[in-house]
Amino acid sequence: MLIHGATDNDIYPPLFGASQRSFGLYRGLARRHEVVVLCVVPNRNRAPLEQRAQGVTLIRRRAWYTSLAWRLERARLAPLFLAAHGHAWRAGRLRHALPASADVCMADLHLAGLLARRPARLRVLDCQNVESDHFRTAGPSLAARGFWAARLRAIEARAMRGADLVIAASDEDAARLRALYGIAPGALAVIPNGYDETAVRPPVTDERARARAALGIEADDAVALFVGSDVPHNRSALALALERVMLPLARDGWKLLVAGSVSRAIAGRREPWLIARPAVPDLLPILHAADVGLNPATEGGGSNVKLPTYLAAGLAVLTTRFGVRGYAALEPLVIVAEPDAMSDALRARPRGWGASGAGAPPAIAAHAWGTLGERLGEVFAARLGGEPAASGAGEAGGASA
């Protein structure tokens, strides 16, 4: 199959949840099929206009109005999804960035206008969240917020009508999408979030010691890790981790390691038990320095990509009930506790599977992005009548300019 993708993020390198899902699934699809993805990026983006990365051909097109939408959201005047109107206005030109006619065209919500403009036998909408719900519960503080929420629901409803197949990130999201938009059962499939099996694994030999030394962590320190991008629900979860989980442990030899762009939220804090690191392409040394992955999430949409990533690195995982949504198969592998009980759970010094030297539980391997992408390809093939993969598709390839 020839598969076209369209996203309003630069998905390579994949530094945060949305780009990790998109690139992970496309990389898995590229194992057996030809995959070309259009990324609409801000004007300031300096990545190559065309790039081959892990079997996926990336085509970037810059858009000035995405920066304008970002500035309007920062000023609390309009939401970032206002850029979707710009994408729709440019849809006629954007479609020419994708060569030939595809068997499948898969788009994110804000580029769903391409599903009508880009000829394809199967038009697919990939839903990172139920966006209208996510906006109402965890969206930015804006003037006329109710008006914008109604606009987003209308955009989402129109996108659902224009797709032959909708992909949800969890059973919970799938049920909600059916309830909101009346999607037929056969027109909806669930592909959960996962982790990058090409980059995440437990430490071997002296990797753990070297990772901890690089961060100034002593051998007998216990380290809890919080990874996240700088979005409202991660800021809320980080605030809970700081005030209700870690403060009671400040004298018990625990440190909190915060990694990702959410670390901006703690700029200027100087507690001796707090270590902050910005978003980096290679998260592995940070994962290797930790003992426990924290996910004190109480709001947000979709599911938290950090959870399978923690597990794949062999860490013990401590999460709220809300934080394990979308991961029924992984729930037996984590410790579920609400924020006020997390300090006591950490005092027990939980150990992850990686500390035992045993192999990864099968449920973790099933959440590798490559495996999930192959599953998605099987869903596409079934909808198209079982057409085999295109000859020569899916060859391995490294990133290149």
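These legends go with a set of close-up views of a predicted model.

**View 1. The eight-stranded open sheet.**
Strands in this sheet line up in the order 3-4-2-1-5-6-7-8, and the pairing is mixed. Strand 3 (50-53) and strand 8 sit at the edges, each with a pairing partner on one side only. On average, neighbouring strands are turned by 25 degrees against each other, direction ignored. Over at one edge, strand 3 and strand 4 run antiparallel and are joined by four bridges. To find your way around this pair, look for Glu-50, which stands opposite Ile-59 in strand 4.

**View 2. Helix 1 lying on the sheet.**
Here's the sheet again, with eight strands in an open arrangement, and now with a helix added. Helix 1 packs on the sheet and touches strand 1, strand 2 (34-42), strand 3, strand 4, strand 5 (102-107), strand 6 and strand 7. Its direction makes about 175 degrees with that of strand 1.

**View 3. Strand 7 and its two neighbours.**
Which residues cover the two sides of strand 7 (residues 165-168)? Leu-165 and Ile-167 are on one side, Val-166 and Ala-168 are on the other, and all of them are buried. That fits a general pattern: in a regular strand, side chains alternate between the two faces of the sheet. Strand 6 (residues 120-126) runs parallel to strand 7, with three bridges joining the two. Across that pairing, Val-124 stands opposite Leu-165. Strand 7 is also joined to strand 8 (residues 188-190) by three bridges, and this pair runs parallel too. Here the bridge partner of Ile-167 is Ala-189 in strand 8. To get from strand 7 to strand 8, the chain passes through helix 8 (residues 171-181), making a right-handed β-α-β crossover.

**View 4. Arg-60 and Asp-10, a buried salt bridge.**
The model has 22 salt bridges by the count used here, and this view picks out one of them. The side chains of Arg-60 and Asp-10 meet at 3.0 Å, N to O. Arg-60 lies in strand 4 (residues 56-63) and Asp-10 in the loop between strand 1 (2-7) and helix 1 (17-29), so the pair ties together parts that are 50 residues apart in sequence. Are these two residues buried or exposed? Arg-60 has a relative accessibility of 1% and counts as buried. Asp-10, at 18%, counts as buried as well.

**View 5. Arg-208 and Asp-291, a link between distant parts of the chain.**
In this salt bridge, the closest N and O atoms of Arg-208 and Asp-291 are 2.8 Å apart. Arg-208 comes from helix 9 (residues 207-214), while Asp-291 comes from the loop between helix 11 (284-289) and strand 12 (292-295), 83 residues apart. Arg-208 counts as partly exposed, at 29% relative accessibility.

**View 6. Asp-344 and Arg-347, a salt bridge within a helix.**
Asp-344 and Arg-347 form a salt bridge whose closest N and O atoms are 2.8 Å apart. What separates the two along helix 13 (residues 339-347)? They are three residues apart, which means about one helical turn. Asp-344 is exposed, with a relative accessible area of 51%, whereas Arg-347 counts as partly exposed at 39%. Elsewhere, Arg-27, Arg-31, Arg-32, Asp-196, Glu-197 and Glu-374 are joined into one network by salt bridges that share partners.

**View 7. Gly-352 in its loop.**
Gly-352 lies in the loop between helix 13 and helix 14 (362-365), and counts as buried at 13% relative accessibility. Which residues does Gly-352 contact, leaving aside its neighbours within four places in sequence? Look for Gly-314, Leu-315 and Ala-316. Pro-202 is 150 residues away from Gly-352 along the chain, with 9.8 Å between their C-alpha atoms.

**View 8. Cysteines without disulfides.**
How many disulfides does the model have? The count comes to zero. Cys-39 is in no disulfide, and the nearest cysteine sulfur, that of Cys-105, is 13 Å away. Cys-39 counts as buried, at 0% relative accessibility. Cys-127 is in no disulfide either, with the nearest cysteine sulfur, that of Cys-105, 14 Å away. Cys-127 is buried, with a relative accessible area of 6%.

Notes
Residues numbered from 1 in each chain as written. Predicted model: local features only at pLDDT ≥ 70, side-chain atom pairs only at ≥ 80, totals over all residues. Heavy atoms only, no water. Buried < 20%, exposed > 50% of the residue type's maximum accessible area, 1.4 Å probe, protein only. Pairing = 2+ DSSP bridges. Right-handed = clockwise from strand over helix to strand, strands pointing away. Salt bridge = Lys/Arg side-chain N within 4 Å of Asp/Glu carboxyl O. Contact = heavy atoms within 4.5 Å. Disulfide = S-S within 2.5 Å. Axes fitted to C-alpha atoms, helices over the stretch in contact; angles between N-to-C directions.
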